Amino acid sequence: MRYAAIVDRLANEGARAWEVHGRAIQHRREGRDVVILSIGDPDFETPEAITKAMVERVSSGDTHYGSIDGGPELKAAIAAYHKRQTSQDVGAENISVTLGAQGGLYGAAMCVAQYGDEIIVPQPVYVTYDSVVQACGATLVDVPLRPERDFHLDAGDIEAAVTPRTRAVMINTPHNPTGAAYGRDDLMALGEVCKRHDLWLISDEVYSRTLFDGREHVSPASLPGMAERTIVVDSLSKSHAMTGWRVGWTVGPAAFTRHIYYLGLALHYGPPTFI
């Protein structure tokens, strides 16, 4: 029987890296002393107040269909949080709740790129980015993050990789795996590149609450002229040790939020209401 071309694109080098993770888990189950560095799972448990609230919601019968892209209460809380983080005013029309940050990354790529397009991604990077980009049919163009710059972005390197097929730049700040937190000047320069070439900027900010040494988190969505072309992806996975709960969100232009709404309708018909 025939399969679609996407199945070959999904079985990429990044996806195969998870086989290493699977073997590590199996060794641990067998009692071996294994240090697992393959996935960013916090070393603390989900706060008790959160698990208690979830149990109460399930017990009260909140187990039916909910909003496809998140209920109004949650979206209002995300909007308020986003404003505290970025000073950017957003409303429900700018927010979509997704199945973890991974769902947000997938949705962003699917809505802004397609077969024949290119998405620039600074490397090294979390390995699921390969699958996200290739799932939509685009080509991932890697630009090295150089150690002599402490793994910070060089907007010149990004611009040198832009071609007529480039549709987006996908970044992660603070960065996994290097730990670099891109500064305001780095992101201002990157924003100018995006504006010059009419590119989307997909900004994965799941580690924005994991900063050390007095560093400041800067979201590119908060910079002048960038809100209209920036899609912020975030979640509670790292900040609240909710990796298994699969709750994340995107913040972007209202038109993008409507498009990802229809993707959610086709893909999962909404996140679990009790989460």
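Leaving aside neighbours within four places in sequence, which residues is V133 in contact with? In this predicted model, V133 is in contact with I119, V121, A138, T139, L140 and M170, once those sequence neighbours are set aside.

Several of these names return when the interior of the protein is considered. The largest nonpolar core has 24 residues, and V133 is among those with the most contacts inside it, together with L105, I119, V121, M170 and I202. Both helices and strands contribute to this core: α6 (100-112), β2 (118-123), α7 (128-135), β4 (166-172), β6 (230-235) and α10 each supply at least two of its residues. The largest share comes from α6, which provides five residues. Apart from this core lies another, of 22 residues, including V143, L187, V218 and L223.

The discussion now turns to helix α5, which spans residues 72-86 and contains H82. Is H82 buried or exposed? H82 counts as buried because its relative accessibility is 5%, and the limit for that class is under 20%. Beyond the residues up to four places away in sequence, H82 touches S87, Q88, V90, V232 and V251. With one of these, Q88, the side chain of H82 forms a polar contact of 2.7 Å. Another, V251, stands 169 residues away from H82 in sequence, yet the C-alpha atoms of the two are 8.4 Å apart in space.

After α5, the chain enters a loop that leads to β1 (95-98), and E93 is found in this loop. With a relative accessible area of 48%, E93 is partly exposed, whereas H82 is buried. E93 also meets a remote part of the sequence: not counting residues up to four places away, E93 touches P253, A254 and T257. Of these, P253 is 160 residues from E93 in sequence, while 8.0 Å separates their C-alpha atoms in space.

Two of the residues touched by E93, namely A254 and T257, fall within the range of helix α10, residues 254-267. This helix also supplies at least two residues of the largest nonpolar core. Y262 lies in α10 as well, and Y262 counts as partly exposed because its relative accessibility is 44%. What surface feature does Y262 help to make? Together with Y65, L265 and Y269, Y262 makes a nonpolar surface patch of about 480 Å². Helix α10 thus appears in two settings: α10 supplies residues to the largest core, and α10 holds Y262, one of the residues of the nonpolar surface patch.

Definitions and conventions. Residues are numbered from 1 along each chain as its sequence is written. This is a predicted model: local features need pLDDT of at least 70, side-chain atom pairs count only at pLDDT 80 or more; totals for chains, interfaces and linings use all residues. Side-chain values use heavy atoms; hydrogens and water are left out. Patches are made of residues with over 30% relative accessible area and no salt bridge: like charges are joined within 9 Å, nonpolar side chains (Val, Leu, Ile, Met, Phe, Trp, Tyr) within 5 Å. Accessible areas come from the Shrake-Rupley method with a 1.4 Å probe; for residues, only the protein chains shown count as cover. A salt bridge is a side-chain nitrogen of Lys or Arg within 4 Å of a carboxyl oxygen of Asp or Glu. Helices (H or I, at least four residues) and strands (E, at least two) are DSSP runs, numbered from the N terminus. Buried means under 20% relative accessible area, exposed over 50%, partly exposed in between (1.4 Å probe, protein chains only). Contact means heavy atoms within 4.5 Å. A polar contact is a pair of N or O atoms within 3.5 Å; within protein, one must be able to donate a hydrogen and the other to accept it, and residues adjacent in sequence count only if both atoms are side-chain atoms. A nonpolar core is a set of buried Ala, Val, Leu, Ile, Met, Phe, Trp, Tyr and Cys residues joined through side-chain atoms within 4.5 Å.
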